[in-house]
Amino acid sequence: MFEKVRFELNESDLPRFWYNVNADNPSMPEPILNPVTKTPVTPDDLSVLFPMEIIQQEVSTERFIEIPEEVREIYKLWRPTPLIRARRLEKVLGTPAHIYFKYEGVSPSGSHKSNTAVPQAFYNKVAGTRALTTETGAGQWGSALSMACKFFDMDLEVYMVKVSYEQKPYRRYLMETFGATVFSSPTKLTQSGREILATNPNSPGSLGIAISEAVEVAATSNGAKKYSLGSVLHHVLMHQSVIGEEALKQMDMAGEYPDVVIGCVGGGSNFGGIAFPFLRENLRNGQHTRLLAVEPTATPSLTRGVYAFDYGDTARMVPIMKMYTLGHNFIPPAIHAGGLRYHGMAPTLCSLYNAGYIEAVAVHQVAVFEAAVLFAQTEGILPAPESSHAIRVAIDEALEAKETGEKKTILFNLSGHGHFDLAAYNSFLSGKLEVDDLPESEIKAIPSRLPEVTLPITA
């Protein structure tokens, strides 16, 4: 008799609430600061960019936030997403470990990003917003928000990191199909973009630069446009908690509980989405699941960065946050995992990592693509380069269990498919990818990139 490999929930199982980890957070992050005054931001400061409902969610410590029915109805296009046991991968590895993955690539835009794009578009629409601006790295976030804006009849401008704009044209085509206008960042359309190009006409761009451009356009629009962010901020991670809430039910269906939960990290949204509900179980119900964040060695903010206050963008327009950072003007290598090329990390996640509730590891892109190809050949799903960082470490955990003979239950978040990343796979298969360690000189230069902030700061 064949063992079950897919664990599906019904529409009636779709979560009705997002989980707010800050209700249980034993190491609350520092308040975010106004980039000019360097004092805690006020709702008025943030209202230039965000609708009030989003601002309230950003600072809330209420444990559960109700998901609006209008959002749940759209979620039903792809949620609940499947939990799948990777039995063919287990067999090839010869491991006693059981490997499960939560597959977010079934969403219409192809990744987990739709989980926050839809509520952000909804809250903006209710507030009377007619147009949004945003940035995107690999294009997963831009694709998701483009879809969400079309659903709510809003215009969208996307500033796409130049290297990804060139590497991943099909993501751009998808955004344009949904009705968005996409620019290669840095552009000559904004002051921040022009300043970057004046210094380096061949700049490959960065998420920090693209954020600056999108924020500038929104902030100078006299209220005609608002800004939307796909990761880092607390409300974004909270919206993603639907992933972990579903996974808790599905692991119960499988009759197992994970020893380790793994997710890739760039800004922290998909990792927080799957890990934070399991962290709640650790904190409140006595579980002992390891929570393991995986980042690229090319942008190792958690594993080699400095825990300090830093700007969230290159042009120093958005709030200052205490986070693990490589410095706001850091220009990352042009690795293919474009969604993980951010200089910092979500403050909520950073506070938990600093306090020891979360682990982190960095991996090379060559090893990542080796794992991605093996996963595709065994499980039949072509994973996004970003998501493949989690696959790499899930495989490493399974091989460790093979050596020790330990029966280990592993859960990772497969946050998106790689159908628009075939150029990256071609680079790997043709031997053109290189090991991508960040030089120590870049790490030593981080303090010179940081703003001066006087402590203590009072909220």
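This text leads through two covered helices, a pair of packed helices, and the empty spaces of the structure. The model is predicted.

Helix α6, residues 140–151, is a suitable starting point. Its twelve residues should span 16 Å at 1.5 Å a residue, and the end C-alpha atoms lie 17 Å apart, which agrees with that expectation. How many of the twelve residues of α6 are buried? Ten of them are, so that the helix is mostly covered, where buried means under 20% relative accessible area. The buried residues are Q140, W141, G142, S143, A144, L145, S146, M147, A148 and C149. What do these buried residues pack against? Their partners are the helices α5 (114–126), α8 (169–177) and α17 (385–404), together with the strands β6 (131–136) and β7 (155–161). Just after α6, D153 adopts a positive phi of about 60°.

Helix α12, residues 242–254, can be described in a similar way. From the first C-alpha to the last, its 13 residues reach 18 Å, close to the 18 Å expected at 1.5 Å a residue. This helix, too, is mostly covered, with ten of its 13 residues buried. The buried set consists of V242, I243, G244, E245, E246, A247, L248, Q250, M251 and A254. The charged residues E245 and E246 are thus among the buried residues of α12. G255 follows the helix and has a positive phi, near 75°.

The next topic is the packing of one helix on another. Two packed helices are described by the angle between their axes and the distance between the axes. Helix α9 (residues 191–199) and helix α10 (residues 207–219) pack at an angle of about 145°, and their axes are 8 Å apart. Which residues meet in this contact? On the α9 side they are Q191, S192, G193 and I196; on the α10 side they are I209, S212, E213 and E216. By class, the contact has two nonpolar, four polar and two charged residues.

The empty spaces remain to be described. Rolling a probe the size of a water molecule over the atoms shows where empty space is left. The largest pocket has a volume of about 400 Å³. It is lined by 22 residues, and E30, P31, I32, E58 and V59 are the closest to its centre. Helices α1 (43–47), α2 and α15 (347–354) each supply at least two residues of this lining, and α2 gives the most, with three. By class, the lining has 14 nonpolar, six polar and two charged residues.

The second largest pocket holds about 200 Å³ of space. Of its 13 lining residues, P35, D45, V48, L49 and M317 lie nearest the centre. Helices α1 and α10 each supply at least two residues of the lining; α10 is also the partner of α9 in the packing described above. Eleven of the lining residues are nonpolar, one is polar and one is charged.

The structure also holds four cavities of 30 Å³ or more. The second largest cavity has a volume of about 170 Å³. Its lining comprises 18 residues, and F50, L229, L233, V318 and P319 are the closest to its centre. Which helix gives the most to this lining? Helix α2 (residues 52–59) does, with three residues, and α2 likewise gives the most to the lining of the largest pocket. The residues around the second largest cavity divide into 15 nonpolar, two polar and one charged.

Note on methods
Residues numbered from 1 in each chain as written. Predicted model: local features only at pLDDT ≥ 70, side-chain atom pairs only at ≥ 80, totals over all residues. Heavy atoms only, no water. 1 Å grid on protein atoms, 1.4 Å probe; cavity = no way out; pocket = protein on both sides within 12 Å on 5 of 7 lines; lining within 4 Å. Points joined across faces, edges and corners; volume = space filled by probe spheres on them. Helix = DSSP H or I, 4+ residues; strand = E, 2+ residues; numbered from the N terminus. Axes fitted to C-alpha atoms, helices over the stretch in contact; angles between N-to-C directions. Contact = heavy atoms within 4.5 Å. Expected span 1.5 Å × (residues − 1). Buried < 20%, exposed > 50% of the residue type's maximum accessible area, 1.4 Å probe, protein only.
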